[in-house]
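Visitor: I am new to protein structures, and I would like to know the reasons behind the words people use. Could you walk me through one?

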Amino acid sequence: MSYEVDEVILSDWPPYAWPKQQKQSVLISKLAELDQIHLSQCPPFAKLKQSMPNIDLNGHPFSPFFPLPVRLFKSQELKSVPQESIIKTMMSSGTSGQSVSKIYLDKRTSALQVKILSKLVTHLIGKQRLPMLVIDCPSTVKNRTKFSARTAGILGFSMYGRDITYALNDDMTINFDALNAFIDKYQGQKKFIFGFTYIVWLHFVEALEQLSKKIDLSESILLHGGGWKKIEANKVTKSHFKSRLANVTAIQSVHNYYGMIEQTGSIFMECKQGHFHCSSWSEVIIRDFKTLQPVKDGNLGLIQLISALPHSYPGHSILSEDIGVKLGEDDCQCGWKGTYFDVLGRVKQAEVRGCSDTYSK
């Protein structure tokens with residue numbers, strides 16, 4: 001099977017332009033190809049799929065693609081390429097003492113993830129590399145032997161910025177010298193800011209508030225994600241997050257993203273209406289908590305995530321432990337095509353699968 005030809009076609013897909021029928025036709029064809037790769041090359045996946053009953057009794061379009069429970073990546077070695085083809089092993093994070101997912105990437109899968117992430121990010125911020133501020137500390141990316149979700153996130157998104165500046169010191173306090181120098185240098189220019197949600201909130205927004213300081217980061221686009229669980233106890237909503245952030249930084253353009261390390265690359269961006277969107281390379285199905293049948297739009301359930309990218313491991317269809325609701329498809333007021341949805345939290349009593357590193361304040 002030719003990866004090279006396939007990847008050229010795949011990376012040329014438009015992010016949010018295809019209507020439902022066109023997208024389904026192309027995506028289902030690609031998923032069927034991936035399913036055959038993983039069934040033939042990953043015996044644990046083939047055994048799992050053979051042993052599981054059909055959970056789509058109503059003939060959902062994506063019913064052939066059995067969703068692998070995400071926690072199996074913690075207990076099983078799931079890969080569809082020889083060990084010598086693996087160039088990188090991605091590891092998820094979680095609370096202390098918990099097992100972690102291991103995601104095995106070959107050269108092709110890794111390159112494809114980079115290509116598609118680039119399409120999604122540049123669709124949001126533009127193709128020109130912007131001055132970039134990272135709301136984190138530099139030591140996070142210095143230890144390349146521990147390639148964690150947090151390290152991968154910073155390195156991945158840093159590809160779309162230039163003159164990268166870290167806003168925090170290694171003790172997680174604000175580095176005002178570096179921050180003010182960045183602001184002075186790029187005053188009035190468009191800037192790209194990236195950070196994990198809980199770090200932006202705890203170590204930037206709240207820190208500025210406690211110091212009674214305000215800074216001017218207007219003309220900036222903030223992309224953030226991961227770690228909502230760590231600030232849920234403080235009842236921080238999306239609107240609360242944006243309003244208090246704007247009050248201390250003047251940032252108006254704020255976009256959250258949803259995704260997991262088990263499907264790196266095909267993340268779900270938040271549109272200007274505040275909804276997560278599936279791109280041409282991804283889809284979500286909301287499933288009933290007990291029966292696992294797909295639920296009607298507007299009803300809560302478990303989020304199944306589908307991605308066209310994983311070739312080196314069977315991550316093309318995953319059942320998460322996150323609660324979501326499908327809001328609609330192809331009719332979001334933002335103008336993007338595709339399914340749009342919201343994420344409401346984690347299933348109670350489920351193992352906490354943090355998508356950001358554990359950090360004790």
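Visitor: How much space lies in the largest cavity?

Guide: About 40 Å³ lies in the largest cavity of this predicted model. A search of the whole structure for cavities of 30 Å³ or more finds one.

Visitor: What makes a space a cavity?

Guide: A 1.4 Å probe must fit there but be unable to get out. Rolling a probe the size of a water molecule over the atoms shows where empty space is left.

Visitor: Which residues line the largest cavity?

Guide: The lining includes Pro-15, Tyr-16, Ala-17 and Trp-18. Lys-23, Cys-278, Ser-279, Ser-280, Lys-337 and Gly-338 line the cavity too. By kind, the lining divides into five nonpolar, three polar and two charged residues.

Visitor: Why does Gly-338 go with the polar residues?

Guide: Gly-338 is in the lining, and Gly counts as polar in this grouping. Therefore Gly-338 belongs to the polar part of the lining.

Visitor: Let us stay with Lys-23. Why is Lys-23 called buried?

Guide: Lys-23 has a relative accessible area of 5%. Buried means under 20%, so Lys-23 counts as buried. You will find Lys-23 in helix H2, residues 20-41.

Visitor: Which residues does Lys-23 contact, leaving aside its neighbours within four places in sequence?

Guide: Lys-23 is in contact with Trp-18, Cys-278, Ser-279, Ser-280, Ser-282 and Glu-283.

Visitor: How do you know that Lys-23 and Ser-282 form a polar contact?

Guide: A polar atom of the side chain of Lys-23 lies 2.6 Å from the backbone oxygen of Ser-282. The cut-off for a polar contact is 3.5 Å, so this pair is within it.

Visitor: And Ser-282, is that residue buried or exposed?

Guide: Ser-282 is at 0% relative accessibility. With buried meaning under 20%, Ser-282 counts as buried. Ser-282 lies in strand E11, residues 282-287. Not counting residues up to four places away in sequence, Ser-282 touches Lys-23, Leu-27, Ser-266, Phe-268 and Ile-306. In addition, a polar atom of the Ser-282 side chain lies 3.0 Å from the backbone nitrogen of Ser-279.

Visitor: Why is Ala-250 called partly exposed?

Guide: Ala-250 has 28% relative accessibility. Partly exposed covers the range between buried, under 20%, and exposed, over 50%, so Ala-250 counts as partly exposed. Ala-250 lies in the loop between helix H9 (238-249) and strand E8 (253-258).

Visitor: What is notable about the phi of Ala-250?

Guide: Ala-250 has a positive phi of about 70°, although it is not a glycine. Glu-219, also a residue other than glycine, has a positive phi near 65°. Glu-219 sits in the loop between helix H8 (197-210) and strand E7 (220-225).

Visitor: Why does Phe-196 count as buried?

Guide: Phe-196 is at 2% relative accessibility, and the limit for buried is under 20%, so Phe-196 counts as buried. Phe-196 is found in strand E6, residues 191-196. The C-alpha atoms of Phe-196 and Gly-226 are separated by 5.4 Å, though the two are 30 residues apart along the chain.

Visitor: How many of the residues count as buried in the protein chain?

Guide: Of its 361 residues, 56% count as buried. The secondary structure of the chain comes to nine helices and 14 strands.

How values were computed
Residues numbered from 1 in each chain as written. Predicted model: local features only at pLDDT ≥ 70, side-chain atom pairs only at ≥ 80, totals over all residues. Heavy atoms only, no water. Helix = DSSP H or I, 4+ residues; strand = E, 2+ residues; numbered from the N terminus. Buried < 20%, exposed > 50% of the residue type's maximum accessible area, 1.4 Å probe, protein only. Polar contact = N/O pair within 3.5 Å; in protein donor to acceptor, adjacent residues only side chain to side chain. Contact = heavy atoms within 4.5 Å. 1 Å grid on protein atoms, 1.4 Å probe; cavity = no way out; pocket = protein on both sides within 12 Å on 5 of 7 lines; lining within 4 Å. Points joined across faces, edges and corners; volume = space filled by probe spheres on them.
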